[in-house]
Amino acid sequence: MARGRVQLKRIENPVHRQVTFCKRRAGLLKKAKELSVLCDADIGLVIFSAHGKLYELATKGTMQGLIERYMKFTRGSQPEGATEAHPPLDAKEETDVLKQEIETLQKGIGYLFGGGIGTMTMDELQVLEKNLENWIYHIRSMKMNIMLQEIQALRDKEGTLEAANKYLHNKIMENTAIADFAPFTTDTMYPLIIQDGVFQL
């Protein structure tokens, strides 16, 4: 029996939405891996959930390497003179732009904490959204670096503890072997006596 066609719109039920997200995310990652293997393609996939959780896949190398490769490719594919479309601003114009951006951010922060007055324009909201995305990116990068440093420190500690454990285990085995060593005995009733260089019983 064929499955009915799914209507492409936002799923209102949060439980059904989360289940669908998990299933389709897994399917998308699986298809990306299959495409990479079958066609020898380099694939980088980034997914942000509705709660802001990051899921990523880099089929070859690292995601950072793929992003750098993408940036080089897009810079190289830009037509000549495209970077000169916006000539550099002088000091006064740059100061005015920065002041306006600071005012927008302060206004946006006021709205975030419930102290905003009036309404924000679409341009102001776009500037605020862009800055919030940049902040989230930097926060996540810092968080990832700290987690990687903590993981490396724990691995180093694990290696030190394993080496110490192995050393103590070897010492215990040596002491056990010495304690279990039996004294030397003979079948004679009397000990050997050395007298004038002749062995006598």
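**Entry 1: the span of α1**

I began with α1 in this predicted model and checked its length. At 1.5 Å a residue, its 26 residues should span 38 Å, and I found the end C-alpha atoms 37 Å apart, which agrees. Next I asked which residues of α1 are buried. They are Arg25, Leu29, Ala32 and Ser36. I then looked up what they pack against, and found β1 and β2.

**Entry 2: the core around α1**

That led me to the largest nonpolar core, which has seven residues. I listed them as Leu29, Ala32, Ile43, Leu45, Ile47, Tyr55 and Leu57. Where do they come from? I noted that α1 (14-39), β1 (44-48) and β2 (54-58) each supply at least two residues of this core.

I picked Ile43 for a closer look and set aside its neighbours within four places in sequence. What is Ile43 in contact with beyond those? I wrote down Ala32, Leu35, Ser36, Leu57, Ala58, Thr59 and Leu66. Two of these names, Ala32 and Leu57, I had already met in the core.

**Entry 3: the whole protein**

Here I stepped back to see the layout. I found four helices and four strands, and from the N terminus on the elements run α-β-β-α-α-α-β-β. Of the 201 residues in the protein, buried ones make up 9%. I also looked at contacts between residues at least 6 apart in sequence: 24% of them join residues at least 24 apart.

**Entry 4: α3 and its two sides**

My next stop was α3, residues 91-112. This helix has 22 residues and reaches 31 Å from its first C-alpha to its last, close to the 32 Å expected at 1.5 Å a residue. Its buried residues are Thr104, Leu105 and Gly108. Why do they line one face of the helix? Looking down the axis of α3, I see that its buried residues fall within an arc of 100°, so they share one face. The face turned away from that buried side carries the exposed residues Ala91, Lys92, Glu103 and Gln106.

**Entry 5: α3 against α4**

I wanted to know what covers the buried residues of α3, and the cover includes α4 (122-179). How do the two helices pack? The angle is about 80° and their axes are 9 Å apart. I therefore noted α3 and α4 as roughly perpendicular to each other. From α3, the contact is made by Glu101, Thr104, Leu105, Lys107, Gly108 and Leu112. From α4 come Glu124, Val127, Leu128, Asn131, Leu132 and Trp135.

Note on methods: Residues are numbered from 1 along each chain as its sequence is written. This is a predicted model: local features need pLDDT of at least 70, side-chain atom pairs count only at pLDDT 80 or more; totals for chains, interfaces and linings use all residues. Side-chain values use heavy atoms; hydrogens and water are left out. The expected span of a helix is 1.5 Å times one less than its number of residues. Buried means under 20% relative accessible area, exposed over 50%, partly exposed in between (1.4 Å probe, protein chains only). The arc is that of the directions from the helix axis to the C-beta atoms. Contact means heavy atoms within 4.5 Å. A nonpolar core is a set of buried Ala, Val, Leu, Ile, Met, Phe, Trp, Tyr and Cys residues joined through side-chain atoms within 4.5 Å. Axes are lines fitted to C-alpha atoms, for helices over the stretch in contact, and angles run from 0 to 180 degrees between N-to-C directions. Angles under 35 degrees count as roughly parallel, over 145 as roughly antiparallel, 65 to 115 as roughly perpendicular and the rest as oblique.
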